[in-house]
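Hi,

Here is the structure I said I would pass on. Could you have a look at it with the notes below, which are about the aromatic rings?

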Amino acid sequence: MDIKPIKTETDYRAALRDIEGLMTADLDTPEGERLDILVTLLEAYEQRHFPLDLPDPVEAIRFQMEQKGLAPKDLEPMIGRSNRVYEILNRKRPLTLKMIWRLHRDLGIPAESLIKPPNTTTPP
C-alpha cells in the first residue's frame, strides 16, 4: 500500500480522487483499509488548512430556531421571559451559564458556540 502524507494542494486533490474511487470498498479489504487511512489523512489536512470557526452564540441560537421552526416564545423555558429572550437575540444581554446549559441540553447547540464571545459587529 503506497500512501504518503498530504502536504500540498496537489496531494490533497489526488487523495480526494483516490477516496472517490474507493467509496464502495468493503471494510475488511485492502481497498477498505486504504480508504480509512486516506480519509484520516484528509481530515488532518483539512483541520490544519481549512479550520472551521464556531458560530457566534446568537447566530447559533437563530440557526437552531430556524431549523426547528421555533419562535422566540419557544425559548422562554431555556432563557426566561419573552423580554429576556429578545434582549439575548438583540445582543442587549449576555447568556448566563444556566441559559447556556439549557440551550445546549434542549436545542443541542454546542456549548463551545454558546460560550464564545459574541460578535458585536454582526447585525441582529
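Phe-50 comes out as partly exposed, with a relative accessibility of 42%. Bear in mind that this is a predicted model.

Where does Phe-50 sit? Phe-50 is in the loop between H2 and helix H3 (57–68), while Tyr-12 is in helix H1, so their pair ties together parts that are 38 residues apart in sequence. The ring centres of Tyr-12 and Phe-50 are 5.7 Å apart with the planes at 55°. That pair counts as tilted because the angle falls between the limits of 30 degrees for stacked and 60 for edge-to-face.

On to the tyrosines. The count of aromatic pairs comes to 3, and one of them is Tyr-12 with Tyr-45, which is stacked at 5.0 Å centre to centre and 25° between the planes. Tyr-12 belongs to helix H1 (residues 9–22) and Tyr-45 to helix H2 (residues 30–49), so this pair links parts 33 residues apart in sequence.

Buried or exposed, for Tyr-12? Tyr-12 is buried, at 10% relative accessibility. Tyr-45 is buried too, with a value of 4%; the cut-off for buried is under 20%, so both tyrosines qualify.

Putting the rings together, Tyr-12, Tyr-45 and Phe-50 make up one aromatic cluster.

Cheers

Notes
Residues are numbered from 1 along each chain as its sequence is written. This is a predicted model: local features need pLDDT of at least 70, side-chain atom pairs count only at pLDDT 80 or more; totals for chains, interfaces and linings use all residues. Side-chain values use heavy atoms; hydrogens and water are left out. Rings of Phe, Tyr and Trp (its six-membered ring) pair if their centres lie within 6.5 Å; planes under 30 degrees apart count as stacked, over 60 as edge-to-face and the rest as tilted. Helices (H or I, at least four residues) and strands (E, at least two) are DSSP runs, numbered from the N terminus. Buried means under 20% relative accessible area, exposed over 50%, partly exposed in between (1.4 Å probe, protein chains only).
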